[in-house]
Amino acid sequence: MENIIAINDRKFVKYILKDEISAAVNKVAAEINEDYKNDVPLIIITLSGALIFAAELVQKLTINCRITAVKLSSYHGGLSSTSKVESLIGLTENIKDQRVIIIEDIVDTGNTYEHMLNLLNEQSPKDVQIATMTFKRETYKKNIPVKYVGIEIPNKFIVGHGLDYQDLGRNLPDIYQLYEE
Ligand code: PRP
């Protein structure tokens, strides 16, 4: 079946079509445009997964904004998130008194978001929010609000539209979920 693809040792089935992701991008962009119409936020893209969503989202923003990127890691090539988060490429922008919006492809346990928040708050930004393409509410363990959510998903491993399995699949336009035969 063409809706099923193989990546290395696993099969995945088409789950969220790119049109639905586009609608989610438009929804999140509209919320940010309204909330930041009097500000110039710094958009921080968390590489690599958020790259595709972020590229789509920022083109729908009508506000003035700065854009930068950082790289973090927590999955380490497996199927579930771990609590170990590493900062790989640091932030060079000055964020003191700035409004910051983190862009993510997925918020799962929230470890990465919490880790980033702690790092950013050391620099006394005015405020920090997050915009994520997908959110696993079931597995989210933190009390920190996740402000802008594109699509809520159940606790399934997903790949595509920026999300990887063993570093592959980020280029898929649609999102696939793990196929268990
Ligand atoms: C993914 C994703 C988030 C994080 C979410 O990154 O991009 O940053 O995991 O999981 P958490 O809420 O449980 O912390 P990953 O470590 O896979 O790196 P990548 O973006 O380079 O794929």
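**Exercise 1. Count the salt bridges in this predicted model, then locate the one between arginine 99 and aspartate 127.**

Solution. The count for this predicted model comes to eleven salt bridges. In one of them the side chains of arginine 99 and aspartate 127 meet, with N and O 2.8 Å apart. Next, place the partners: arginine 99 lies in strand E6 and aspartate 127 in strand E7, so the bridge ties together parts that are 28 residues apart in sequence. Both arginine 99 and aspartate 127 are buried. Finally, look for shared partners: Asp39, Arg99 and Asp127 are joined into one network by salt bridges.

**Exercise 2. Which loops does the salt bridge between lysine 136 and aspartate 108 tie together, and are the two residues buried or exposed?**

Solution. Start with the distance: the side chains of lysine 136 and aspartate 108 meet at 3.4 Å, N to O. Lysine 136 belongs to the loop between E7 and E8, and aspartate 108 to the loop between E6 and H3, so the pair connects parts 28 residues apart in sequence. For burial, the limit is under 20% relative accessible area. Lysine 136 has 4% relative accessibility and therefore counts as buried. Aspartate 108, at 9%, also counts as buried.

**Exercise 3. Describe the salt bridge of arginine 137 and classify the exposure of its partner.**

Solution. The partner is glutamate 152, and the closest N and O atoms are 2.6 Å apart. Arginine 137 sits in the loop between E7 and E8 while glutamate 152 is in strand E8, so this bridge ties parts 15 residues apart in sequence. Partly exposed covers the range between the 20% and 50% limits. Glutamate 152 has a relative accessibility of 44% and so counts as partly exposed.

**Exercise 4. Where is threonine 109, and which side chain does it meet in a polar contact?**

Solution. Threonine 109 is found in the loop between E6 and helix H3, the helix spanning 111-121. Its relative accessible area is 9%, so threonine 109 is buried. The side chain of threonine 109 has a polar contact of 3.0 Å with that of asparagine 111.

**Exercise 5. Identify the elements that build the largest nonpolar core.**

Solution. This core has 28 residues, and those with the most contacts inside it are Ile32, Leu57, Ile103 and Ala131. At least two core residues come from each of helix H1 (18-35), strand E3 (42-47), helix H2 (51-58), strand E6 (99-107), strand E7 (127-135) and strand E8 (148-152). H1 gives the largest share, six residues. Now take leucine 57: leaving out residues up to four places away in sequence, it touches Val25, Val28, Ala29, Ile32, Ile103 and Ala131. Another core lies apart from this one; it has 18 residues, including Val70, Ile95, Val100 and Val149.

**Exercise 6. Classify the geometry of two aromatic pairs, phenylalanine 12 with phenylalanine 157 and phenylalanine 135 with tyrosine 140.**

Solution. The whole structure holds four aromatic pairs. For phenylalanine 12 and phenylalanine 157, the ring centres are 6.2 Å apart and the planes stand at 45 degrees, so this pair is tilted. Phenylalanine 12 is in strand E2 and phenylalanine 157 in the loop between E8 and strand E9, 145 residues apart. Both phenylalanine 12 and phenylalanine 157 are buried. The pair of phenylalanine 135 and tyrosine 140 is edge-to-face, at 5.2 Å centre to centre and 75 degrees between the planes. Phenylalanine 135 and tyrosine 140 are both buried. As a last step, check for clusters: Phe12, Phe157 and Tyr165 form one.

Conventions:
Residues numbered from 1 in each chain as written. Predicted model: local features only at pLDDT ≥ 70, side-chain atom pairs only at ≥ 80, totals over all residues. Heavy atoms only, no water. Core = buried A, V, L, I, M, F, W, Y, C linked by side-chain atoms within 4.5 Å. Buried < 20%, exposed > 50% of the residue type's maximum accessible area, 1.4 Å probe, protein only. Helix = DSSP H or I, 4+ residues; strand = E, 2+ residues; numbered from the N terminus. Contact = heavy atoms within 4.5 Å. Polar contact = N/O pair within 3.5 Å; in protein donor to acceptor, adjacent residues only side chain to side chain. Salt bridge = Lys/Arg side-chain N within 4 Å of Asp/Glu carboxyl O. Phe/Tyr/Trp six-rings, centres within 6.5 Å; stacked < 30°, edge-to-face > 60°.
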